[in-house]
2 protein chains.
Amino acid sequence: MRKQSVSGTPREMKRMNQRLILQTIRRKQPISRTEISEMTSISRTTVSQLIDEMMEEGVVRETGRGSSPTQGGRKPVFLSIDDDSGFVCGLDIGGSSITFVVCNLSGKVVSKEVVSTPVSLGLESLFRLIERFLDNAPVPVERLIGLGVGAPGITRFHDGVVLSAPSLGWTDLPLKEEMEDRFNLPVYVENDVNMAALGECWLGAGKGKRHVVMITVGTGIGCGLILNGDLYRGSRWASGEIGFMVTDSHAVEHWDDPVFSGFGYMESKAGGPAIARQYLRGLKDTDGTLVSNAKDIFDLWRKGDETAGAVIWEANKHLAAGIVNVVVLFDPEVVILGGGLMKSQDLLLPQILKTVKRFAPIQPEIRISQLGDDAGALGAGALVLKEHDCPYQGVL
Amino acid sequence: MRKQSVSGTPREMKRMNQRLILQTIRRKQPISRTEISEMTSISRTTVSQLIDEMMEEGVVRETGRGSSPTQGGRKPVFLSIDDDSGFVCGLDIGGSSITFVVCNLSGKVVSKEVVSTPVSLGLESLFRLIERFLDNAPVPVERLIGLGVGAPGITRFHDGVVLSAPSLGWTDLPLKEEMEDRFNLPVYVENDVNMAALGECWLGAGKGKRHVVMITVGTGIGCGLILNGDLYRGSRWASGEIGFMVTDSHAVEHWDDPVFSGFGYMESKAGGPAIARQYLRGLKDTDGTLVSNAKDIFDLWRKGDETAGAVIWEANKHLAAGIVNVVVLFDPEVVILGGGLMKSQDLLLPQILKTVKRFAPIQPEIRISQLGDDAGALGAGALVLKEHDCPYQGVL
DNA sequence: GTTTGGTTTGTAAAGTTTCCAAACTAACAA
DNA sequence: TTGTTAGTTTGGAAACTTTACAAACCAAAC
């Protein structure tokens, strides 16, 4: 669907200028009216008028005065954004837990809660959880700008329908519509990995960057793409399916692993379950029934188990190759690694760094997630700010 | 560098509306003023006024009238874009040949020339070639909107500097600046593969699509990315370096091929020279000195040479894996394959299709380039139209 | 210490560009 | 003639800009 270009109306023009001014303030605060005018090439008069309106709304405040310039002259009045003039609520619905967050315009968390996901999560029970959380949050309702929701599956952003979230048993769920009816607030729904990428971009390892790739390694391997400062979603909401990469050309002929149907090739080689399974297979005697997870294998390696080391090494080669592939295709400024397995980054990162250095013609920074488990919920908040129309837009 | 957001002025507002109207006309022509007004939600008054101006400039023409609607009433006056009201010149500078093209707003070629690249291509000789071509083109100079140039190397679009084009011996060449001085026209410089992608998107296999990946397979393997209808360039003008993908996780430990230093891993496995070399190595007796190129190997396979078949098969596995990787990361609507090796598509395509079908969770269309060797030059023209400000913008 | 001159900030008034709504004319069928 | 649709004219509203000015401030001259 083609994004409808907006017709230019005076009102739209005003909005553009408000946004521009607001962005400028956020980036350079504290800043005077005159300086804003110079930076934006909007006339001083207009800047003043728009600022007046924004001060009336409470978004912008006068905060002290600067010193006179070199030659003398009237001291400028400094302006700043009142970070507490608006709040966003973000939630990250995961297969095992749900994270709720409320934060202000600068990303300061004022309220947070983590609950374990109910076995079968119906809409009504979800809504009650949200209501309870919002009731307890120390934020007046009228200051709440909107709600962002990250869901583990394929989501259609433009109408907020969760097309498929196996771990929750959701299919074609019109989450945005239902939630907006219930809470009477704008709601934005997006894939959880994308949310994490937005979160890291706003407040974490990708702050200030416009080309960021976030890779989460856990049961599955996913990837959120921020290109030119915007989330890239692909033509069918299925971009970043890094777990389906083929990191071994031999697979073209030979791969046929029934255990991992539904998963991608790389996930079947480098994901958590794959590592656990490979290890058990290495032991020869047992089959997949002996339950074990990747974390155990990492621990075994730390204790000197060489089989564990070999298995992890093998898996990590796939991951490293995958990261190289992402890097050379996107040319990002930063690659952020997160997800459960990255808690053992000490064992994985060195090889990854070495591989990227060797195979990629350009070298991005490679960092570990800074926000950890909160990235998704914070990203959900970031998305609200990003999408919300004036006067909060462009905060990122 | 952050793209400066424009301040909203009345003039800018007008431009936006002109663009919107022009887009609407192009998509639905012939179309009446009233219908434009309804589609764009710009008032009839404004539509009329802007149309008047555009007719004065010659961009839009009245072309006949429609039939009266059901109930009777005045017949609408149909409007269309005059495709010959402007022309663009595109050139594709390759290592072995240079293609010149002049075409009108709808992409109809009115003049074309192909010359072989001089051994050492200096700016002055290039300019003379262009001048001669333009002089012979049946287009009045004042109708020429701009010049697009595709160069084989890394180009910095925003200031039009060719950072490095080894096959031409260019380094840090300020091509845009020099050319604009000389020809007194807007000039846009871009990587040749990106240009080809733009070309196919405008007039070829990607027409009307907004998410397109174009892969060219030749000596090197490159890739142009059209995401959300725009060229994606990466953070350091190095996106789409698909030739550097690692399509074999074993390489992480073992790859060390001095012959291909400077090339990427995948290029060293699936590029033209790689195929030729692998074949010769298969013969055991000869070494790399016996010159041969990929095309010969393809011909040998067609004649029943099994070694040739095996070598190509092996190379193609890497290519197929690479294509899967691109598909799952970008979720494009179409993947377009082009470049020298794709002239033997009959031998390569079946395996590629099968591999993508098997490994990718989503299925894009996979097509062969429609414009062939002209894609680059036409894309250079497309870029001019895309970048040129009102009233031609948004033609794509 | 006070005055004077130059500089900078912010506001007010008048002017410009652009858009839109409503009334109007034109064209056409029944 | 009547009703309907297409396009234009007119008057006005919304937004920006330019110009002019008051307030605030430094610094050097007196």
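Let's start with a salt bridge. Lys386(A) pairs with Asp230(A), and their closest N and O atoms are 3.4 Å apart. Keep in mind that this is a predicted model.

Where do those two residues sit? The domain assignment splits chain A into domain 1 (10-81), domain 2 (85-201 + 375-387) and domain 3 (207-369). Lys386(A) falls in domain 2, in the 375-387 segment, and Asp230(A) falls in domain 3. That brings us to the interface between domain 2 and domain 3 of chain A.

How many salt bridges does the rule find across this interface? Two. Polar contacts come next. Five residue pairs are in polar contact between domain 2 and domain 3 of chain A, with both residues at pLDDT 80 or more.

Now the domain 2 side. Strand S8 (154-156), helix H6 (192-203) and helix H13 (375-387) of chain A each supply at least two of its residues that touch domain 3. H6(A) gives the largest share, seven residues. By class, this side has eight nonpolar, three polar and four charged residues.

On to the contacts as a whole. In chain A, 15 residues of domain 2 are in contact with 18 residues of domain 3. The C-alpha centres of these two domains lie 27 Å apart.

And the area? About 1400 Å² is buried between domain 2 and domain 3 of chain A. Carbon and sulfur atoms give 64% of that. Which three residues supply the most on the domain 2 side? They are Val193(A), Glu200(A) and Cys201(A). Together they supply 40% of the area that domain 2 of chain A buries against domain 3. All three lie within the range of helix H6 (192-203).

Terms used. Residues are numbered from 1 along each chain as its sequence is written. Chains are lettered from A and ligands numbered from 1 in the order in which they are written. This is a predicted model: local features need pLDDT of at least 70, side-chain atom pairs count only at pLDDT 80 or more; totals for chains, interfaces and linings use all residues. Side-chain values use heavy atoms; hydrogens and water are left out. Domain bounds come from an automatic or database domain assignment. Contact means heavy atoms within 4.5 Å. Buried area is the accessible area (1.4 Å probe) that two parts lose on being put together, summed over both. A salt bridge is a side-chain nitrogen of Lys or Arg within 4 Å of a carboxyl oxygen of Asp or Glu. A polar contact is a pair of N or O atoms within 3.5 Å; within protein, one must be able to donate a hydrogen and the other to accept it, and residues adjacent in sequence count only if both atoms are side-chain atoms. Helices (H or I, at least four residues) and strands (E, at least two) are DSSP runs, numbered from the N terminus. Ala, Val, Leu, Ile, Met, Phe, Trp, Tyr, Cys and Pro count as nonpolar, Asp, Glu, Lys and Arg as charged, and the others, Gly among them, as polar.
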